[in-house]
Amino acid sequence: MSTTRTAPTAARAWQRMLSGRRLDLLDPSPLDIEIADIAHGLARVARWNGQTSGANIFSVAQHTLLVEAVMRAASPRVDGRVQLAALLHDAPEYVIGDMISPFKAVLGGDYKVVERRLLAAIHIRFGLPPVLSAEIEKQIKAADRGAAFLEATELAGFSADEARRLFGRDPDLPETAKRDYLTPWSAAKAQKRFLARFAALAPS
């Protein structure tokens, strides 16, 4: 008796978005990227694997707004395109989630390749260069580390000494901004504020 074998189906490497777009993770097209999808996703992805205090998760959307606020506090005259790049620095996580740094180290280079491709496509979609200059990358990284210090000490249970060893110094954000950005928001609020800040920074 003969048996019929079916050819194996290739593993799916795309995700359907609420906008209707279908984003290919291996070959992402800027045409398949919508800011509404990014905002929706990032507002529902938890930083610190959800190990933060508060009634709501501390979302990646809220984190990106905090990073951009830290950058503005440190450099009030920073160019709007640099601010937009800071706001979008973790945008690939609307697709791949927010993996903590120790797990990224375990996964190695493959993860970073996918992340870089997605970020390049996002940059092109919103009028930024696919790869940022080393100087801008350094500015964003410094603000990101400053935001991580604040999140670690205010929300994630780290001591100030431990946070300094891991993330560097306290960025000394004004108290009013600190109270706002470090009170975990609902997903709806994080999404709305992310979209509002994007609208203020994106080229018309």
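Let's start with one residue of this predicted model: leaving aside neighbours within four places in sequence, lysine 178 is in contact with Leu150, Glu154, Asp170 and Leu173. Lysine 178 belongs to helix 9, which covers residues 175-181. Is lysine 178 buried or exposed? Its relative accessibility is 12%, under the 20% limit, so lysine 178 counts as buried.

Next comes helix 3, made up of residues 80-87. Six of its eight residues are buried, so the helix is mostly covered, taking buried to mean under 20% relative accessible area. The buried ones are Val82, Gln83, Leu84, Ala85, Ala86 and Leu87. Among the parts that cover them are helix 2, helix 7 and helix 10, the last running over residues 187-201. At the start of helix 3, aspartate 79 has a side-chain oxygen within 2.8 Å of the backbone nitrogen of arginine 81.

Now for a pocket. The second largest pocket holds about 240 Å³ of space, and 14 residues line it. Two elements each give two or more residues to this lining: helix 2 (60-74) and helix 7 (134-154). Helix 7 supplies the largest share, five residues. Val70, Ala74, Ala142, Ala143 and Arg169 are the lining residues that lie nearest the centre of the pocket.

Here is the lining of the second largest pocket by class:

| Class | Lining residues |
|---|---|
| Nonpolar | seven residues |
| Polar | four residues |
| Charged | three residues |

Helix 2 and helix 7 thus appear twice in this tour: they help to cover the buried residues of helix 3, and they also contribute to the lining of the second largest pocket.

Conventions:
Residues numbered from 1 in each chain as written. Predicted model: local features only at pLDDT ≥ 70, side-chain atom pairs only at ≥ 80, totals over all residues. Heavy atoms only, no water. 1 Å grid on protein atoms, 1.4 Å probe; cavity = no way out; pocket = protein on both sides within 12 Å on 5 of 7 lines; lining within 4 Å. Points joined across faces, edges and corners; volume = space filled by probe spheres on them. Helix = DSSP H or I, 4+ residues; strand = E, 2+ residues; numbered from the N terminus. Nonpolar A, V, L, I, M, F, W, Y, C, P; charged D, E, K, R; others polar. Buried < 20%, exposed > 50% of the residue type's maximum accessible area, 1.4 Å probe, protein only. Contact = heavy atoms within 4.5 Å. Polar contact = N/O pair within 3.5 Å; in protein donor to acceptor, adjacent residues only side chain to side chain.
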